[in-house]
Amino acid sequence: MTAHTVATQPIPDQKAGTSGLRRKTRDFMAPHFLENYVQAILNAIGGAADKRFVVGGDGRFFNDRAIQVILRMAAANSAAEVIVGRNGLLSTPAASHLIRLNKADGGFILSASHNPGGIDEDFGLKFNMANGGPATEAVTDQILAETKSMRAYKMLDAQDIDLGQPGERRLGDMAVRIIDPVTDYAALMETLFNFDAIRGLFSDGFTMRFDAMHAVTGPYAQELLENQLWAAPGTVINATPLPDFGGGHPDPNPIWAHALMDIMTGPDAPDFGAASDGDGDRNMIVGRGAYVTPSDSLAVIAANAQLAPGYRGGLAGVARSMPTSTAVDRVAQAKNMPCFEVPTGWKFFGNLMDAGKVTLCGEESAGTGSDHVREKDGLWAVLMWLNILAATKQSVASLMQSHWQTYGRNFYTRHDYEAVDSTAANGLMDAIRQRLNSLPGQHFAGLTVSEADEFGYTDPVDGSETTGQGLRILFSDGARVVFRLSGTGTEGATLRVYLEKLENDPDRFGDAPATALADVIRAAQEIAEITPRTGRDKPDVTT
Ligand code: G6P
Ligand code: ZN
């Protein structure tokens with residue numbers, strides 16, 4: 001087996017978004033596209049020589065081919081060892097754990113998260129660092145710089161490695177260790193949660209449905225929920241990972257997980273429902289007839305985490321992304337805990353966790369997690385909820401009611417306008433940006449603007465600055481609207497409008513979010529001129 005150098009040219013626009021490089025699968029399959037990007041990563045981190053990496057993905061179309069390429073390139077670049085999940089599968093949180101557990105120098109995670117998979121759908125590659133978390137901005141900037149001057153990459157001439165059986169293989173001088181994707185992750189979960197209490201819950205007849213959406217969490221959920229925690233066989237549905245996720249859109253929200261929502265609102269609804277996304281880092285929590293917004297889930301976990309053994313000593317602090325509702329802030333205030341507000345993207349939590357400033361983090365985009373890894377973690381959130389339900393012996397609906405009684409209810413909804421013409425979307429944002437200073441004092445839909453700004457962030461640990469992270473409009477009654485363009489799409493622009501209002505009147509806790517937020521929604525329409533500028537009279541997705 002010989003390593004050789006392949007001449008190449010820079011490929012334009014290999015700029016990572018919110019979470020790694022995401023493109024159409026066919027783009028990734030184009031000559032040199034993947035190879036250039038992998039070499040750019042290796043160059044940006046100072047080469048691969050004598051390093052150990054973790055590699056795995058969510059099993060989507062091209063996952064297996066991409067892994068073989070990464071293995072050959074790692075070997076040609078003199079890496080010492082690569083740890084790979086059997087059949088190339090690793091959930092994102094499991095990959096993060098394996099990097100930390102094995103003191104690896106980094107990891108390659110192949111996923112486009114919740115985006116559909118297939119030759120005409122999406123693919124992605126994300127590099128995580130030695131702390132197990134997504135590469136920081138400084139590193140992704142360096143990777144981008146490398147892509148712009150890419151002239152050659154190294155490749156080993158070799159056959160594919162059989163990834164179907166655990167064990168040690170060699171690729172040239174490099175060791176390849178194939179491991180069961182679930183074992184180490186399941187062992188970590190057992191250190192955090194009261195498995196006996198959860199077993200007791202299921203033994204007492206508690207029923208659950210977990211929708212793996214034909215994505216990577218199927219094997220994890222079957223092992224943990226059905227084998228180790230004694231949930232009834234059949235609790236995990238759509239459990240086999242498929243390259244096209246069964247033609248579905250593996251995004252755990254009421255729109256894309258509507259099959260589970262139908263079960264949870266139907267006559268035979270189980271006590272508890274949950275789902276995860278393509279790569280296993282997102283989660284959806286739903287009780288019998290009671291959907292829990294990600295922002296509320298974060299707040300409930302902040303209020304009750306000490307019921308789980310791994311968090312018995314309390315939380316050092318909490319953090320949320322800026323567009324996430326302020327429900328968790330109220331819990332933090334009551335418990336006298338620091339609460340941080342960061343830009344959208346899990347990478348912004350890493351420094352806070354590494355510095356011991358926060359234990360728990362969450363985002364409105366269905367991500368929740370703790371410092372047990374450096375990624376958000378879908379099954380972790382599900383187990384945390386099971387632990388809380390087992391300890392409190394309450395239903396999801398009654399737990400939510402008592403939470404709102406204590407802290408008030410932050411009504412919340414997000415409106416997405418997808419595949420909008422990029423020029424129109426940027427024009428909309430620019431128009432608001434230009435009016436930010438004049439908005440305070442103005443009235444829209446009966447609401448008065450009290451403050452308006454563009455969110456920027458200075459990392460309290462390393463002082464790095466991030467600007468342009470969303471336009472915030474606050475109203476005098478405490479309501480808020482945020483406008484932001486998605487950083488994860490692959491077609492046109494997606495405008496996200498995040499809407500929130502605090503309600504302290506218990507008689508109104510049962511209102512539908514669309515009703516409670518009607519005036520905020522109208523104000524957002526007026527301020528952003530959404531319909532005239534985008535041609536859309538309603539959002540494509542409402543969560
Ligand atoms: C990915 C990241 C999340 C982030 C989300 C935002 O899922 O892992 O941390 O919240 O993207 O996506 P957006 O499309 O709103 O940029
Ligand atoms: Zn994901």
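Student: What is the strand order in the open sheet of five strands, and what kind of pairing does the sheet have?

Tutor: This is a predicted model. In it, the five strands follow the order β11-β10-β12-β13-β14, and the pairing is mixed.

Student: What makes β11 and β14 the edge strands?

Tutor: Each of them, β11 (236–237) and β14 (290–292), pairs on one side only.

Student: How do you know that β13 and β14 count as paired?

Tutor: Two strands pair if there are at least two bridges between them. Strand β13 (residues 283–287) and β14 have three bridges, in the antiparallel sense, so they count as paired. Gly287 stands opposite Ala290 in β14.

Student: Which helix lies across β10, β12 and β13?

Tutor: That is α13, which runs at about 25° to β13 and lies across β10 (208–211) and β12 (272–276) as well.

Student: How do you know that the reach of helix α13 agrees with its number of residues?

Tutor: The expected span is 1.5 Å times one less than the number of residues. Helix α13 (residues 378–392) has 15 residues, for which 21 Å is expected, and its first and last C-alpha atoms are 21 Å apart.

Student: Why is α13 called mostly covered?

Tutor: Of its 15 residues, 13 are buried. A residue is buried if 20 or more other C-beta atoms lie within 10 Å of its own, so the term rests on a count of neighbours. After α13 comes Lys393, with a positive phi near 55°.

Student: How do you know that the span of helix α2 agrees with the expected one?

Tutor: The twelve residues of α2 (residues 33–44) should span 16 Å at 1.5 Å a residue, and the end C-alpha atoms are 17 Å apart, so the two agree.

Student: What makes α2 mostly covered, and what do its buried residues pack against?

Tutor: Ten of the twelve residues of α2 are buried, among them Leu34, Tyr37 and Ile41. The buried residues pack against elements including α1 (25–29), α3 (63–76) and α5 (137–148). Just after α2, Gly46 has a positive phi of about 85°.

Student: Why is Ala299 called buried?

Tutor: The cut-off is 20 or more other C-beta atoms within 10 Å. Ala299 has 30, so it is buried. Ala299 is in helix α10 (residues 294–304).

Student: Which residues does Ala299 touch, leaving out those up to four places away in sequence?

Tutor: Ala299 touches Ala327, Val328, Val331, His403 and Tyr407. Val328 is 29 residues from Ala299 along the chain, yet their C-alpha atoms are separated by 4.2 Å.

Student: Is Asp13 buried or exposed, and why?

Tutor: A residue is exposed if 12 or fewer C-beta neighbours lie within 10 Å. Asp13 has 10, so it counts as exposed. Asp13 sits in the loop between β1 (3–7) and β2.

Student: What is the sign of phi in Asp13 and in Met213?

Tutor: Most residues other than glycine have a negative phi. Asp13 has a positive one, near 60°, and Met213 has a positive one near 55°.

Student: Where is Met213, and is Met213 buried or exposed?

Tutor: Met213 is in the loop between β10 and α8 (217–228). With 30 other C-beta atoms within 10 Å, Met213 meets the cut-off and is therefore buried.

Student: What residue classes make up the shell around ligand 1?

Tutor: The shell has one nonpolar, eleven polar and two charged residues. Of the 14 residues around ligand 1, Trp346, Ser365, Ser486, Gly487 and Thr488 come nearest.

Notes:
Residues numbered from 1 in each chain as written. Chains lettered and ligands numbered in written order. Predicted model: local features only at pLDDT ≥ 70, side-chain atom pairs only at ≥ 80, totals over all residues. Helix = DSSP H or I, 4+ residues; strand = E, 2+ residues; numbered from the N terminus. Contact = placed C-beta atoms within 7 Å. Near = placed C-beta within 6 Å. Nonpolar A, V, L, I, M, F, W, Y, C, P; charged D, E, K, R; others polar. Axes fitted to C-alpha atoms, helices over the stretch in contact; angles between N-to-C directions.
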